[in-house]
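Let's take a friendly walk through a protein model, one part at a time. Keep the structure in view as you read.

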Amino acid sequence: MPADPMISRPNAGEALILQDGLRMVLCDNASPMTYWGTNTFLVGREALAVIDPGPDNNEHFQAILRAAGETPIEKIIVTHAHLDHSPLAKRLSKTTGAPIVAFGSATDGRSALMQRLAAASPMGGAEGLDMDFNPDEIVKDGDIITFGQETLKVIHTPGHLGCHIALAWGDVCFTGDHVMDWASSLVSPPDGDLTDFMATSRKLRDLGFKRLYPAHGAPIDAPQDRLTWLITHRETREAEILEVLQQAPASAEALAKAIYTDIDPKLLGAAARNVLAHLVDLYGKGIVQPQQQFDSKSVFALL
C-alpha cells in the first residue's frame with residue numbers, strides 16, 4: 001500500500017487519491033457521530049462505482065461530479081440507509097443514470113428477535129434512518145457488483161443496521177460504519193443488533209483483508225487487530241454489565257451511567273443505546289430478563 005494520505009482530516013470537497021483506481025471525497029458533515037464527515041469513495045478506472053454518496057448536500061454533490069470528471073458513474077452503492085450515507089444517492093442517480101444498489105430499505109435485514117421486539121413494544125432508536133430510501137437493485141451476501149472491468153463483492157454485515165453491507169475489492173474492504181479506527185460502532189436496537197454485530201466482526205476478521213476503508217475516519221491497516229479489539233471491547237462491556245446486575249437490577253440508562261464514567265455526558269444517550277443492545281443480546285441468550293414490558297426503559301435482572 002502507498003503511504004497513507006489520510007493521516008489527518010482531509011479537506012472537504014477535494015478528491016483524494018488513496019490508491020490506484022480509488023478516490024475519496026469527504027463531505028463537510030462532521031459531528032460526534034460522523035467524526036470528520038462521511039467518506040464517499042469512487043472506485044474504478046474506466047468506469048466508477050460511488051460508495052456512500054452521503055447526505056443531500058449540494059457542495060458534496062458537486063464535489064463528487066468533479067472527482068468523477070469524464071469517467072462515467074455506473075453504480076451508486078449504499079452500505080446502509082442512514083441519513084449521512086444514502087439521501088444523495090437519488091439525486092446522483094437522476095443526474096448520471098446509474099442505478100442505486102443496496103441490501104434493501106432502512107428496516108430490512110432485522111433479525112427475527114428484533115422484528116418481534118419492534119412490533120411488541122416501543123424500543124426507541126431509529127437514529128438517523130433514511131425512511132425514504134429505496135434502491136433500484138437489491139443485493140445479498142456473496143453477490144458480485146460489476147462496473148466497467150471492476151467488481152465488488154457484497155458482504156452482508158448486519159449489526160450497526162440490519163441492511164448494512166461491506167464491499168470487498170481485492171484485498172481491501174469498504175466497511176461502512178461497521179468498523180472504524182476512531183470509535184466503536186453504534187449498535188442501537190431494534191435497528192442495531194449486537195448478536196449480529198459480533199458474528200459479523202468475526203466474519204470480517206476471518207476474511208483476512210489487508211486494509212479497511214470505513215465511511216468515517218482514516219483507513220485501517222491492521223484490520224485483524226482492530227476487529228479483535230472491537231470483539232474484546234464488547235465482551236468487556238458485557239462483563240461490566242453483568243457485574244453491575246449482580247448487585248441489583250438496572251435499566252440501560254442506569255447501567256450506562258455506572259459503566260461509562262469517562263465519556264462526554266452528551267454521549268451518554270448513545271452509550272445507553274449500546275448497553276440496551278447488550279441487554280437484548282443477553283436476553284436472547286437467556287441470561288437476563290426484563291422486569292416489565294420489554295422496551296428501552298425496562299429494568300433488567302439476572303436470571
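Five strands form an open sheet in the order β8-β9-β10-β11-β12, and their pairing is mixed. At the edges sit β8 (144-147) and β12 (211-214), each of which pairs on one side only. From one strand to the next, the twist averages 25°. Please keep in mind that this is a predicted model.

How do strands hold on to one another? Strands of a sheet pair through backbone hydrogen bonds, either parallel or antiparallel. In this sheet, β9 (residues 150-156) and β10 (residues 165-169) run antiparallel and are joined by four bridges. If you look for K153, you will find that its bridge partner in β10 is A168.

Next to visit is T175, a residue of strand β11 (residues 172-176). Is T175 buried or exposed? With a relative accessible area of 0%, T175 falls under the 20% cut-off and is therefore buried. A polar atom of the T175 side chain lies 3.3 Å from the backbone oxygen of V179.

Now turn to β3 (39-43). This strand pairs with β2 and with β4, as the table shows.

| Strands joined | Bridges | Direction | One bridge pair |
|---|---|---|---|
| β2 and β3 | five bridges | antiparallel | M24 and F41 |
| β3 and β4 | three bridges | antiparallel | F41 and I51 |

Notice F41 in both rows: it is the partner of M24, and its own partner in β4 is I51. In the hairpin of β3 and β4, four residues lie between the strands, and G44 takes a positive phi near 125°.

How many residues of β3 are buried? Five of its five are. In a regular strand the side chains alternate between the two faces of the sheet. In β3, N39, F41 and V43 are on one side and T40 and L42 on the other, and both faces are covered.

The loop between β2 (22-26) and β3 holds N29. At 17% relative accessibility, N29 is below the 20% limit, so it counts as buried. From N29 to K297 there are 268 residues in sequence and 31 Å in space, C-alpha to C-alpha.

Finally, where is there empty space? Rolling a probe the size of a water molecule over the atoms shows where empty space is left. The largest pocket has a volume of about 600 Å³. Its lining counts 26 residues, and P32, M33, S184, L186 and A270 lie nearest its centre. That lining is made up of twelve nonpolar, nine polar and five charged residues. Helices α5 (223-247) and α7 (268-284) each supply at least two of them.

Conventions:
Residues numbered from 1 in each chain as written. Predicted model: local features only at pLDDT ≥ 70, side-chain atom pairs only at ≥ 80, totals over all residues. Heavy atoms only, no water. Pairing = 2+ DSSP bridges. Helix = DSSP H or I, 4+ residues; strand = E, 2+ residues; numbered from the N terminus. Axes fitted to C-alpha atoms, helices over the stretch in contact; angles between N-to-C directions. 1 Å grid on protein atoms, 1.4 Å probe; cavity = no way out; pocket = protein on both sides within 12 Å on 5 of 7 lines; lining within 4 Å. Points joined across faces, edges and corners; volume = space filled by probe spheres on them. Nonpolar A, V, L, I, M, F, W, Y, C, P; charged D, E, K, R; others polar. Buried < 20%, exposed > 50% of the residue type's maximum accessible area, 1.4 Å probe, protein only. Polar contact = N/O pair within 3.5 Å; in protein donor to acceptor, adjacent residues only side chain to side chain.
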